[in-house]
Amino acid sequence: MSVYRKWYCTCKGKPVELEYQEISEDERGEPACRYCGASQSSDPKHSVIYREIEDWED
Ligand SMILES: [Zn+2]
């Protein structure tokens, strides 16, 4: 079993999962909110949260 984090932004009042933004074909940025652009490292409104997901498949 392993645990990983899912990231969400709460700017809309309920958690919205952050989405990866395509930068180029072989480069992926960090996930960001589709509404306000907040991400794990850029969170001016402190609206980014995470939940720990337990993966029992391992
Ligand atoms: Zn947001």
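What percentage of the 58 residues of the protein chain count as buried? The figure is 12%. Keep in mind that this is a predicted model. I'll go from the whole chain to the sheet, then to the core, and then to some single residues.

First, confidence. The average pLDDT of the protein chain is 89, and 93% of the residues score at least 70. Confidence varies by element: β2 has the highest mean pLDDT, at 96, and strand β3, residues 19–24, has the lowest, at 76.

Now the overall layout. The protein chain has zero helices and five strands, so from the N terminus the order of elements reads β-β-β-β-β. Along the principal axes, the C-alpha atoms take up a box of roughly 35 × 35 × 15 Å. Counting contacts with a separation of 6 or more, 51% are between residues 24 or more positions apart.

Next, the sheet. There is an open sheet of three strands in the order β2-β1-β5, and the pairing is antiparallel. Why do β2 and β5 each have one side without a neighbour in the sheet? Because β2, residues 16–17, and β5, residues 48–55, stand at the edges, and each has a single partner strand.

Take the two pairings in turn. Strand β1, residues 2–9, is joined to β5 by eight bridges, in the antiparallel sense. Two of the residues to look for in β1 are Y8 and C9. The bridge partner of Y8 in β5 is I49, and that of C9 is V48. On the other side, β1 and β2 run antiparallel and are joined by two bridges. Here Y8 stands opposite E17 in β2. Y8 therefore has a partner in each of the two neighbouring strands, E17 in β2 and I49 in β5.

β1 and β2 also make a hairpin, with six residues between the strands. In that turn, G13 has a positive phi of about 95 degrees.

On to the core. Which residues make up the largest nonpolar core? There are seven: W7, C9, L18, A32, C33, A38 and V48. C9 is a useful one to centre the view on. Beyond its neighbours within four places in sequence, C9 is in contact with V16, L18, C33, C36, A38, S47 and V48. Among those contacts, L18, C33, A38 and V48 are also in the core list. V48 has come up already, as the bridge partner of C9 in β5.

K6 is also in strand β1. Is K6 buried or partly exposed? It is partly exposed, with 13 other C-beta atoms within 10 Å. Setting aside neighbours within four places, K6 is in contact with E17, Y50, R51 and I53. As a distance to check on the screen, the C-alpha atoms of K6 and G29 are 15 Å apart, with their positions 23 residues apart in sequence.

Now the loop between β4, residues 27–32, and β5, where D43 sits. D43 counts as partly exposed, because it has 15 C-beta neighbours inside 10 Å. Outside its neighbours within four places in sequence, D43 is in contact with A38 and V48. Both of these are residues of the largest nonpolar core. D43 and Y8 are 35 residues apart along the chain, and their C-alpha atoms are separated by 11 Å.

H46 is in the loop between β4 and β5 as well. Why does H46 count as exposed? Because H46 has 8 other C-beta atoms within 10 Å, and the cut-off for exposed is 12 or fewer. The backbone of H46 is also worth a look. Most residues other than glycine have a negative phi. The phi of H46 is near 50 degrees, a positive value in a residue other than glycine.

Last, the end of the chain. E57 is in the segment after β5, and it is exposed, with 6 other C-beta atoms within 10 Å. From E57 to A32 the distance is 27 Å, C-alpha to C-alpha, and the two are 25 residues apart in sequence.

To recap: a predicted model with five strands and zero helices, an open sheet in the order β2-β1-β5, and a largest nonpolar core of seven residues. That's what I have.

Conventions
Residues numbered from 1 in each chain as written. Predicted model: local features only at pLDDT ≥ 70, side-chain atom pairs only at ≥ 80, totals over all residues. Helix = DSSP H or I, 4+ residues; strand = E, 2+ residues; numbered from the N terminus. Buried ≥ 20, exposed ≤ 12 C-beta atoms within 10 Å, placed from the backbone. Contact = placed C-beta atoms within 7 Å. Core = buried A, V, L, I, M, F, W, Y, C linked by C-beta atoms within 7 Å. pLDDT = per-residue confidence, 0-100.
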